[in-house]
Amino acid sequence: MEVSAALPRPPGPPQESHKDALRRARAALREEFERGGDSERLLRQLRLLVDAQLKRAWREFKLPGSLSLVAVGGYGRGELYPYSDVDILVLLPAASTEDAMPLIEALIGHLWDIGLEVGHSVRTVAECVEESSKDITVQTSLLEARLIVGSRRLFEQLRATLRDGFDAKAFFAAKQLEQEQRHLKYQESAFNLEPNVKEAPGGLRDLQVLRWIGRATEVGGTWAEFAARGLITHAEARQCARHEKTLTRVRIILHYAAGRREDRLLFDYQEAMAEKLGYAATEARRASERVMEKYYRTAKSVTQLNTIIMQNLGALLDPYAASEKHPINERFQSVRELLDAREPDLFERQPGAILECFLLMQQHAELKGVTAATLRALWRGRTLIDARFRRDPANRAAFLKLFQQPRGIVH
């Protein structure tokens, strides 16, 4: 049930003092960040600032104690970017609460008046479950629900009800499809000239989707927990944390540079981004070129890590399918429609198999990608492609053969 903030509202507390206080607090946090402050601290402090405003307004408008005010989405996760929406759910008990509707409308209107861009919904537990079953976005948003103020008993009822009806395999399949569709929107490339640092391949969303699935499958929501379960190595866990920190800082700087919610790294902001991140021009290259190279390297690594972890999560959910192996030749096999090297040290022993790997992908349309183990092996073997490798007549012939295939050359 959606509530319009445009409806007439009963008188509330003074707006301007709260609006000014919020503006001053936000400005102070921005100043601290631009002096070199920590990105995670900024997001946390912005969240705490908004939490305090919501709790105050909830008390001042005297909402019934039987209701719950719940943070959802990124705000529920505890990450609030400078110009992101504040996503909230007003949770109603099953009993009639018509008397509370004018107060809820007044509350939402007040939040907009003081400068909070609120994305809100008003639902019962049953309505949350119904919407969650129809829309994976709603289901994901509720996965990160966090009680701000109000009835804890009602909030825990929501969590328990959602948990009881949760299908981890279906959630994984839906998020995987959602990611594929999102990547198609950006031509499946992390290398757009003006990339979207949140939604494009290699952006923040590719890391967030892993955390969502981790929580949904009870693996955990941190990179250390992923490593503890064997989904990634400890070195890869550190990579994930480092890349997440880089992309988070880039997105924050973008918001401040644009003065609004902006996730595209447009040409207009690339020089400013370079300056904020400490990149200077050289005789050969502009500062913006240097910062974009850093971004592309980060995005490429995130894409690779996302592929590895998604595969391992899929195998965790369906171990039987992961055990099915279909030989292709003496060096490679197919596992879950993914190309897999039959021996972990294949590329070290036979470097020419690196090119054969890509040739097989072109020749077998049923293959949808490469297994996590083989991706890691390719990464380790990349330095084997040296001058000696290139002089080898067999490798030259194999390389030319890649361009003679009827499909898959560009991809």
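Is Cys357 buried or exposed? In this predicted model, Cys357 is buried, with a relative accessible area of 1%. That makes a handy way into the structure, so to speak, since Cys240 is likewise buried at a relative accessible area of 1%. The points below go from the cysteines to the salt bridges, then to the strands and the pockets.

**Cysteines**

- A search through the whole structure turns up zero disulfides.
- As a reminder, a disulfide is a covalent bond that links the sulfur atoms of two cysteines.
- Cys240 counts as buried because its relative accessible area, 1%, falls under 20%.

**Salt bridges**

- Side chains that carry opposite charge can pair when their charged atoms come close.
- The count for this model comes to 33 salt bridges.
- One of them joins the side chains of Arg77 and Glu144, at 2.8 Å from N to O.
- This pair links distant parts of the chain: Arg77 belongs to helix H3 (residues 73-77), while Glu144 sits in the loop between helix H6 (136-143) and strand E4 (146-150), and the two are 67 residues apart.
- Glu144 is buried, with a relative accessible area of 6%.
- Another salt bridge is formed by Glu262 and Arg264, whose closest N and O atoms are 2.8 Å apart.
- The two partners sit in contrasting surroundings: Glu262 counts as buried at 4% relative accessibility, whereas Arg264 is partly exposed at 40%.
- Glu348 and Arg380 also meet through their side chains in a salt bridge, at 3.9 Å from N to O.
- Glu348 is in helix H15 (residues 346-349) and Arg380 in helix H17 (residues 372-381), so this salt bridge ties together parts that are 32 residues apart in sequence.
- Both ends of that pair are partly exposed, Glu348 with a relative accessible area of 40% and Arg380 with 46% relative accessibility.
- Arg77 and Glu144 appear again in a network, where salt bridges that share partners join Arg77, Glu79, Glu144 and Arg215.

**Strands E2 and E3**

- Strand E3 (residues 118-124) has six of its seven residues buried, so the rest of the structure largely encloses it.
- Strand E2 (residues 86-92) runs parallel to E3, and seven bridges join the two.
- To find the pairing by eye, look for Asp87, whose bridge partner in E3 is Gly119.

**The sheet from E5 to E8**

- Four strands make up an open sheet, ordered E5-E6-E7-E8, with mixed pairing.
- Strand E5 (325-327) and strand E8 (369-370) are at the edges and have a single partner strand each, so one side of each has no neighbour in the sheet.
- E5 pairs with strand E6 (residues 332-335) in the antiparallel sense, over three bridges.
- Within this pairing, Lys325 stands opposite Val335 in E6.

**The largest pocket**

- The volume of the largest pocket is about 2,100 Å³.
- Its lining has 46 residues, and those nearest the centre are Thr307, Lys368, Gly369, Val370 and His411.
- Two or more lining residues come from each of these elements: helix H8 (168-185), helix H13 (287-317), helix H16 (353-363), E8 and H17.
- H13 contributes the most to the lining of the largest pocket, with nine residues.
- By class, the lining of the largest pocket holds 21 nonpolar, 15 polar and ten charged residues.

**The second largest pocket**

- The second largest pocket has a volume of about 810 Å³.
- It is lined by 37 residues, of which Gly73, Gly74, Asp87, Thr137 and Arg205 are closest to the centre.
- H3, E2, E3, H6, H8 and helix H9 (204-216) each give two or more residues to the lining of the second largest pocket.
- H6 gives the most to the lining of the second largest pocket, with five residues.
- The lining of the second largest pocket divides into ten nonpolar, eleven polar and 16 charged residues.
- Asp87 is a useful landmark to pick out on screen: Asp87 is the bridge partner of Gly119 in E3 and is also among the residues closest to the centre of the second largest pocket.

Terms used. Residues are numbered from 1 along each chain as its sequence is written. This is a predicted model: local features need pLDDT of at least 70, side-chain atom pairs count only at pLDDT 80 or more; totals for chains, interfaces and linings use all residues. Side-chain values use heavy atoms; hydrogens and water are left out. A disulfide is a pair of cysteine sulfur atoms within 2.5 Å. Buried means under 20% relative accessible area, exposed over 50%, partly exposed in between (1.4 Å probe, protein chains only). A salt bridge is a side-chain nitrogen of Lys or Arg within 4 Å of a carboxyl oxygen of Asp or Glu. Two strands pair if DSSP finds at least two bridges between them. On a 1 Å grid over the protein atoms alone, a cavity is a set of points where a 1.4 Å probe fits but cannot get out, and a pocket is an open set with protein on both sides within 12 Å along at least five of seven lines; lining residues have an atom within 4 Å of a point. Grid points are joined across faces, edges and corners, and a volume is the space filled by probe spheres set on the points. Ala, Val, Leu, Ile, Met, Phe, Trp, Tyr, Cys and Pro count as nonpolar, Asp, Glu, Lys and Arg as charged, and the others, Gly among them, as polar.
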